[in-house]
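Let's work through a few exercises on side-chain packing and pairing. Keep the structure open beside you and try each task before reading its solution.

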Amino acid sequence: QLQLVESGGAFVQPGGSLRLSCAASGPSVENVALGWFRRPPGRSRVPISCINNNGDTVFYADSVKGRFTISRDHLNHMVYLQMNNLQPEDTDIYYCAADQENRVSDRFCSRLFDSWGSGTQVTVSS
């Protein structure tokens, strides 16, 4: 199981931007899919954005298309989420996750990722 540590969450006003970072370590870290999830109250984790092992396939939830951008740094084993034009409904804890089975396409990101970070808080409010 991989170790994942998120950072970058903060309080931001509507329309502002944040960049979340996740440091990944552990076995086969270069060959796993990585993603960002959130867990609304009373719900299971849902994918926001994911990127496959090669970095050539990305998934975005409809709610963040055109606003968020996911990227990964293979050399340093990092994944990032650039969050622009943030809105109050984006407020949540954001979790970094990894999937050794690479279950990511441009239209799908599995909720069954097998490694999870502890989350970083994003709060959007005026």
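Four exercises follow, each with a worked solution.

Before you start, note that this is a predicted model, in which local features need pLDDT of at least 70 and side-chain atom pairs count only at pLDDT 80 or more, while totals for chains, interfaces and linings use all residues. Residues are numbered from 1 along each chain as its sequence is written, and side-chain values use heavy atoms, with hydrogens and water left out.

**Exercise 1. The nonpolar core**

Find which residues have the most contacts inside the largest nonpolar core, and which strands supply at least two residues of this core.

*Solution.* Start with the term: a nonpolar core is a set of buried Ala, Val, Leu, Ile, Met, Phe, Trp, Tyr and Cys residues joined through side-chain atoms within 4.5 Å. Buried means under 20% relative accessible area, exposed over 50%, and partly exposed in between, using a 1.4 Å probe and protein chains only.

Next, look at the core itself. The largest one has 27 residues, and Trp36, Phe68, Val79, Met83 and Tyr94 have the most contacts inside it. At least two residues each come from strands S3 (18-25), S4 (33-38), S5 (46-51), S7 (68-73), S8 (78-83), S9 (92-99) and S13 (120-124); strands here are DSSP runs (E, at least two residues), numbered from the N terminus. S3 gives the most, with 4 residues.

Finally, look for a second core. Another one, of 8 residues, lies apart from the largest, and its members include Ala33, Cys50, Phe59 and Cys109.

**Exercise 2. The aromatic pairs**

Locate the 2 aromatic pairs in the whole structure and describe their geometry.

*Solution.* Rings of Phe, Tyr and Trp (its six-membered ring) pair if their centres lie within 6.5 Å; planes under 30 degrees apart count as stacked, over 60 as edge-to-face and the rest as tilted.

Take Phe37 and Phe113 to begin with: their ring centres are 5.2 Å apart and their planes lie at 65°, so this pair is edge-to-face. Phe37 is in strand S4 and Phe113 in the loop between strands S11 (108-109) and S12 (115-116), so the pair ties together parts 76 residues apart in sequence.

Now turn to Phe37 and Trp116, also an edge-to-face pair, with 4.8 Å from centre to centre and 70° between the planes. Here S4 is linked to S12, across 79 residues.

Together, the ring pairs join Phe37, Phe113 and Trp116 into a cluster. Phe37 is buried, at 0% relative accessible area, whereas Trp116 is partly exposed, at 23%.

**Exercise 3. Charges over rings**

Which ring faces do Arg19 and Arg45 lie over?

*Solution.* The test asks for NZ of Lys or CZ of Arg within 6 Å of the ring centre and within 35 degrees of the ring normal. Arg19 lies over Tyr80, at 4.4 Å from the ring centre. Arg45 lies over Tyr95, at 4.6 Å.

**Exercise 4. Salt bridges**

Among the 5 salt bridges of the structure, examine those of Arg38 and Asp90.

*Solution.* A salt bridge needs a side-chain nitrogen of Lys or Arg within 4 Å of a carboxyl oxygen of Asp or Glu.

Arg38 pairs with Asp92, their closest N and O atoms being 2.8 Å apart. Both residues are buried. Arg38 lies in S4 and Asp92 in S9, so parts 54 residues apart in sequence are tied together.

Asp90 forms its bridge with Arg67, again with 2.8 Å between the closest N and O atoms. Asp90 is buried, with a relative accessible area of 3%, and Arg67 counts as buried at 14%.
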